[in-house]
Every structure is written in C-alpha cells, then in structure tokens.
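This report walks through one structure and looks at its parts in turn. Keep the sequence and the 3D view open while reading.

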Amino acid sequence: MLKIIEVEARLFVRDRLNSLFSLLFPCLLLLVLGAVPALRTPAPEFGGLRFIDSYVSSLVVVTLVFIGLQRLPAVVATYREKGVLRRLSTTPMHPARLLLGQLVVNFAAAILSVLLTIVVAYVVFGVDLPHHPLGLAAAVVLGGAGTFALGLVIAALAPNARAAGGWATVVFMLLMFFGGVYLPRFMLPSVVQAIGSYTPPGVEALQQAWLGTAPDWRHLAIMGLVSLVAGTVAARTFRWE
Amino acid sequence: MAIIEVRDLGKRYGPKTAVDSVSFEVAEGEIFGILGPNGAGKTTTVECVSGLRTPDQGSVSVLGRPPADVRPAIGVQLQESELPERIRVSEALSLFSSFYPSPADWSERLGLSPHLKAEYGQLSGGLKQRLSIALALIGSPRVAILDELTTGLDPQARRDTWSLIEEVRSAGVTILLVTHFMEEAERLCDRVAVFRDGRIVALDTPSGLVSKVDGATRVRFVPSVALDVALLQVLPEVTAVDLVGEQIVVSGSENLLHAVTSLLARKQIVARQLRVDQVSLDDAYVELTGGSGAEDH
C-alpha cells in the first residue's frame, strides 16, 4: 500500500501544472488580491474586517473544490477508461487500493495547500491564525471529504473520462459560486449565502472556525452526511471497467 | 495433471451469449492456444480463467481452485489495458513487484533496461507490449495468460517474443495464449482450441487440425496426353478432381501424391507443371471458422 501511495505521489508531482496549481493557486490569488490597497482596508461590508480576511475561507474552497472535482474524477475516470483498474484486477492487489492511494495523495495535497494559505495570509497580510484550529481542521476534513465524495460519484457515474471532466466542471463552477469565490459572499443574496453554508466544502464553517469563534456543528454534520451519502453512492455504483 | 480446467463454461452479456458450453483442460507445462475470429468468445473465456469475470454457467478452476483464490499464481497480459501515462517503466515494475511474494525481473530479457526511466505514455507500441509481458510474468506465475501477445510488434520483436515464451515454458510455466496469428499458434502451441460463436469448434494439435481438413493435399498438373478423370476418381486417396483449363487439380489425403504419380506412370503419362500444395493451419482455420464465408457448416 505504501508503494502505491509513493507512486501516486510521484505521479501527482510529475503532473507539474496541476500540482502547482492545486498547491499554489490559492496563495497566488491571495497575493494578487492583497496587492489591491482597497481590499486591505477594513470596511463595514465585511463586518469591520478587510476583504482579504473575509475571503480566506473562499480560498480554502478553491483548493478543496479544485482537487476534489478537477483532479480526482478525471484521474479516476481515466484509470478506468485506460484499463488501469482492469489491469490491477488481475493482480493480488485489489484496484480499490489504487483509488485509496489517489485519495490519500490528493487529501495530503489539499491540506498542504490550506496550510500554505494560512501561513501566507498570516505572514504577508497579518490575517489572524485560525481562531479555532481544531474546528478548522474538522471543517477542512469533512468539507474535503464531502467534495471528494462528490468527485467520486461523478467518476462512478460518468460513462467516460471526457464526460467526467465535463460534469465535474459544472459542479466545480457551482460550488465555487456558492463558496463565494467569484463574488465575495457579502455581495450574494442571502438565499445563496445560506445555500453556500450547506454545499461542500462548507464555506461558512471554514470562515467561522478561522475568524469567528467556532464552526456551527450543524454545518459540520451536514458535510459529514454529504460525505457519507455521496461516498455510499460512489461505492455502490462504481464500475471497475 | 490438468492445471486449468474449464467445464461447460457459459457467459452472457444481456441478451448476447458470449461463451456457451465451453470445456477444455490444460496440462501443466503446456502452451495452449485459443484461436478464433473477433467476437468468438476468446477474450471472455480467458477473462473467466483469469478470475476477472464470474461465469454464469459451468466452472473454471486453476490449480484446482477458483481463479480468484489463486491470483498470485496467475500472470495476466490483457488487451486494452494501459498504465498511467506518466508512470516510468521502473516505477511500474517496482509497483507491480510489490504485489507478489517472489517477484521476477524480466526487464533485461525483454530489452526494457534502456527504457527504465521512460514514461509509459512515451513508449512505442512494441515497448508497451513488452512492458505488459514483463508485468504479467513479474509474479513468477505458474500460469500465464497472454491475450494477443504479439499484436503491434514488428516481425523481429515477434520472433524474439516467441523464443521468450518458449523460455518461460521451459521454466515450467503453463501458458494460455490467445492469438490470431496462425504462424504463432503453429510455432508455439502444443494444442489449439478454435472458437466460433462462443463455442469450441475444434480442439487438437496444430498438425491434427490440418489433417482433419478434407483434401488437405492438392496435386496440380497438366497431363502430356489426355487423361480419363474417372481413373483418378476411383483412387481411394482422392476426394475430388477438378479441371481448370487443361490443368487437373486433385485433392485428397496425405498419400495423394504417390497415388497420383503411380497412376500416371502406369499410363505412361508425364505430369507437366506438377505442383503439390499442403493445406496450412491458415486454411484449416478458415474452414473451421467459416471465416471466408464460402463454407459454412
């Protein structure tokens, strides 16, 4: 199993463009936005915070959604389409181990990216370190699990890698929208804001854990539920070839 | 002792029957060929033997057990199964060798050594094929199942692969070989099962298959003086006599040539432009599978 994770990690890193994007893009976005003086000035719309403060949770959304929906389903669907999973089925190693390896590597990359964002936000812009680290960890893990599970549902149901890419991109766009990535959340109608609290990866819980006092346990529970349901659907419907 | 036993195997996909009452046994150390046109059920059969598919009917056992229970003892090379684009040859080899208790390294023998650092996506078709063979043999299997082994290889590489297969067999490995190259079957296989429409239509040694074909030998000649065809037709060795222009074409069994020439000698007729054709496995195959569409039985 360790060997699989090692090889999957090498393959992840070797895909330079995608790995750099998933690790560094949120930080770059933060640096670019933070370079605009108006976004570094506290304003009443952000509840007396700065734009970049209110946006950090959306950066975490970018990371989780990109890895969970742009990377994971594409790789998994390609593995199936190219017969990699079929090939492994003939060995004593069950191909599920390969998917597990994928999850581990992608999850590790997501966590690394979030840590990097926290450090850059703190060092460069003086954004507070997470107020409730445990809460943030829970929000990232559960939100990530929910997003990854959705990615796996797409990989399971899509007829081929192309379709998986297409479907995943639609969901990716929607989740970015609800996660306040395109437009900051304060500009969104309250209905959309409310929806965004419950769509993976759960921007509200991330924001509350980082700059509020603690995440709302109901938001976390919903993410847990989404992961469970989507994970079950993916496992039930997954085809190995 | 039979190392592979297939009894009354049946497999359907929806309304389509892919394999129907197929039975055969493969002895230890044998190279057993599976021949047949596309869609004849060859791949489905070997997929059942490799434990990839569960039969709907009948049973398959390898080393006396269900194939799924003896995976480490079965090495499989499949059609249409690739590896991740960017995995290196060395990584694929070390990954697959981590799945088995006593891995064997065939990369040197298969000429992969100079390409260990190359990524899978950059390999030529022939090298991909060789890597695939190396991965099938990496677990030191007792049974190797090779599907379309030499497809995509150039003639030299194909011959190299054949001698590799003979080497593997002499190491005691039993080989189940799916192929559509008659030359390959003739050269390598101890016995061959010919598939057609999901069934086995013939199972014999390659030369046995050839000898079963009616009119396996053909003698053509132009007689120096007119010859009464009826004289040829009464010979027990002759199955058919045709006239093509002034040429006489006689078909029959193995001793045909001797029978025909003795007759001509007795009649003091000289056979001009004498030619003898032996039916090849190719012809036998076409006749058995009705591949040409000319003969159907």
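## A helix and its buried side

In this predicted model, the buried residues of helix H9 of chain B pack against five elements of chain B: strand S3 (31-35), helix H5 (182-188), strand S8 (191-196), strand S9 (199-204) and helix H6 (206-212). Which residues of helix H9 (residues 281-289) of chain B are the buried ones? They are B:Leu281, B:Ala284, B:Tyr285, B:Glu287 and B:Leu288. These residues lie on the same side of H9(B), because they cover an arc of only 165 degrees around the axis. A general rule helps here: an α-helix has 3.6 residues a turn, so residues three or four places apart point the same way. Just after H9(B) comes B:Gly290, with a positive phi of about 60 degrees.

## Chain A as a whole

The secondary structure of chain A consists of 10 helices and 0 strands. Read from the N terminus on, the elements are α-α-α-α-α-α-α-α-α-α.

How does the radius of gyration of chain A compare with that of a compact globule? For 241 residues, such a globule would have a value near 18 Å, and chain A has 18 Å, so the two agree. Along the principal axes, the C-alpha atoms of chain A fill a box of roughly 60 × 35 × 30 Å. Of the 241 residues of chain A, 48% count as buried. Among contacts in chain A between residues at least 6 apart in sequence, 76% join residues at least 24 apart.

A UniProt record, an unreviewed entry, places the feature "domain: ABC transmembrane type-2" at residues 17-241 of chain A. In the model, that span is 74% helix and 0% strand, and its end C-alpha atoms lie 28 Å apart.

## Two residues of chain A

A:Gln70 is found in helix H3 (residues 51-81) of chain A. Is A:Gln70 buried or partly exposed? It has 18 other C-beta atoms within 10 Å, which means that A:Gln70 is partly exposed, since a buried residue needs 20 or more. Not counting residues up to four places away in sequence, A:Gln70 touches A:Ala168 and A:Phe172. A:Gln70 and A:Ile154 are 84 residues apart in sequence, while their C-alpha atoms are 11 Å apart in space.

A:Met93 lies in the loop between helix H4 (84-89) and helix H5 (96-125) of chain A. A:Met93 has 20 other C-beta atoms within 10 Å and is therefore buried. The C-alpha atoms of A:Met93 and A:Val65 are separated by 30 Å, with the two positions 28 residues apart along the chain counted as their separation. Leaving out residues up to four places away in sequence, A:Met93 touches A:Leu88 and B:Phe99.

## Where the chains touch

The contact between A:Met93 and B:Phe99 leads on to the two chains together. In total, 19 residues of chain B are in contact with 17 residues of chain A. Which element gives the largest share of the side of chain B that touches chain A? That element is helix H2 (residues 89-97) of chain B, with 3 residues. By class, this side of chain B has 11 nonpolar, 3 polar and 5 charged residues.

## Chain B and its domains

Chain B is divided into domain 1 (2-208) and domain 2 (214-278). The C-alpha centres of domain 1 and domain 2 of chain B lie 44 Å apart.

## Backbone exceptions

Most residues other than glycine have a negative phi, and most peptide bonds are trans. Two residues of chain B have a positive phi without being glycine; they are set out below.

| Residue | Phi | Location in chain B | C-beta neighbours inside 10 Å |
|---|---|---|---|
| B:Ser21 | near 40 degrees | strand S2 (residues 16-27) | 14 C-beta neighbours |
| B:Glu148 | about 55 degrees | loop between strand S6 (143-147) and helix H4 (155-170) | 18 C-beta neighbours |

Because of these neighbour counts, B:Ser21 counts as partly exposed, and so does B:Glu148.

Where is A:Pro201 found? It sits in the loop between helix H8 (190-198) and helix H9 (203-211) of chain A. The peptide bond from A:Pro200 to A:Pro201 is cis, with omega near 0 degrees.

Key: Residues numbered from 1 in each chain as written. Chains lettered and ligands numbered in written order. Predicted model: local features only at pLDDT ≥ 70, side-chain atom pairs only at ≥ 80, totals over all residues. UniProt positions renumbered as here; feature names shortened; annotations may be inferred. Helix = DSSP H or I, 4+ residues; strand = E, 2+ residues; numbered from the N terminus. Buried ≥ 20, exposed ≤ 12 C-beta atoms within 10 Å, placed from the backbone. Arc of directions from axis to C-beta. Contact = placed C-beta atoms within 7 Å. Nonpolar A, V, L, I, M, F, W, Y, C, P; charged D, E, K, R; others polar. Rg over C-alpha atoms; globule rule 2.2 N^0.38 Å. Domains from an automatic or database assignment.
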